[in-house]
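Thanks for making time this morning. I would like to walk you through one model, beginning with the overall fold of one chain and then moving to its interior and to a piece of surface.

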Amino acid sequence: MAAASPSRPEILSLFRSLLRTSRQFSDYNIREYSKRRTIDAFRLNKHATDPSAAFADGKSQLEVAKRQALVYSLYAPKVKSIMELNH
Amino acid sequence: MASSLRAAIISHFRVPASQTLALNGSKLWTVRSMSSHGDDHLDKNQVIDRVLEVVKCHPKIDPSKVTPEVHFQKDLGLDSLDTVEIVMALEEEFKLEIPDKEADKIDSCGLAIEYIYNHPMSS
């Protein structure tokens, strides 16, 4: 059941998928948090010797994020957060 | 408000047919040309400026080193994670969806500018 150690392209692909999924959140706070969290987590484990545990964790978090993005979109607030106005 | 929204949507769907009516001088419905991508492409200089802005705004980058030909990993000292971040930021700026295969090839400002300039959906 244990996956072989993930390759570099796989890791980058997971990173990209997590960032893409984070973009889909309708809530500004959660969106920014997920982006920050994925970036921080990947940087933290950058020099890890065995990335498979972190990789598996990342994959399960991706599934969670996808589901949550869908659920949040059902109840998206009509008013935008103030941080999203006036770039 | 919902009814005017409906009317706007319906008039949108009717645009292809009403194009011919407009030629006959009939002004039954206003023809809003759906030319969000029909205009000529983004100006190359605009693309360059916007790409450089996005790259400069990235926290890990020294803005003074950013030129249109700079290489992310060789010149700016970024790693592959940072490169992915920058490509994502460019996707947001230009409202594109860059597939993974293409995104992996973009590792310098020059390539990014080329790709975005040649992409038909950039805006």
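Chain B, in what I should say at once is a predicted model, has six helices and zero strands, so read along the sequence the pattern is simply α-α-α-α-α-α. Of its 123 residues, 35% count as buried, and among the contacts in chain B that link residues at least 6 apart in sequence, 54% join residues that are at least 24 apart. The chain exposes about 7700 Å², with carbon and sulfur atoms supplying 57% of that area.

Let me turn to the interior. Which residues touch the most other members of the largest nonpolar core? In this core of 26 residues they are Val51(B), Val55(B), Leu90(B) and Phe94(B). Helices H3 (44-57), H4 (80-94) and H6 (109-118) of chain B each supply at least two residues of the core, and H3(B) gives the largest share, with six residues. If we look at Val55(B) and set aside its neighbours within four places in sequence, we find it in contact with Ile61(B), Val66(B), Phe72(B), Leu76(B), Ile86(B) and Cys109(B). There is also a second, separate core of twelve residues, which includes Leu19(A), Ile39(A) and Phe55(A) together with Met88(B).

Finally, the surface. On chain A, Leu70(A), Val71(A), Leu74(A) and Tyr75(A) make a nonpolar surface patch of about 490 Å². Val71(A) lies in helix H3 of chain A, residues 52-74, and it counts as partly exposed because its relative accessibility is 41%.

Conventions
Residues numbered from 1 in each chain as written. Chains lettered and ligands numbered in written order. Predicted model: local features only at pLDDT ≥ 70, side-chain atom pairs only at ≥ 80, totals over all residues. Heavy atoms only, no water. Helix = DSSP H or I, 4+ residues; strand = E, 2+ residues; numbered from the N terminus. Buried < 20%, exposed > 50% of the residue type's maximum accessible area, 1.4 Å probe, protein only. Contact = heavy atoms within 4.5 Å. Areas by Shrake-Rupley, 256 points an atom, 1.4 Å probe, with all protein chains shown as cover. Patch = residues over 30% accessible without salt bridge, like charges linked within 9 Å, V, L, I, M, F, W, Y side chains within 5 Å. Salt bridge = Lys/Arg side-chain N within 4 Å of Asp/Glu carboxyl O. Core = buried A, V, L, I, M, F, W, Y, C linked by side-chain atoms within 4.5 Å.
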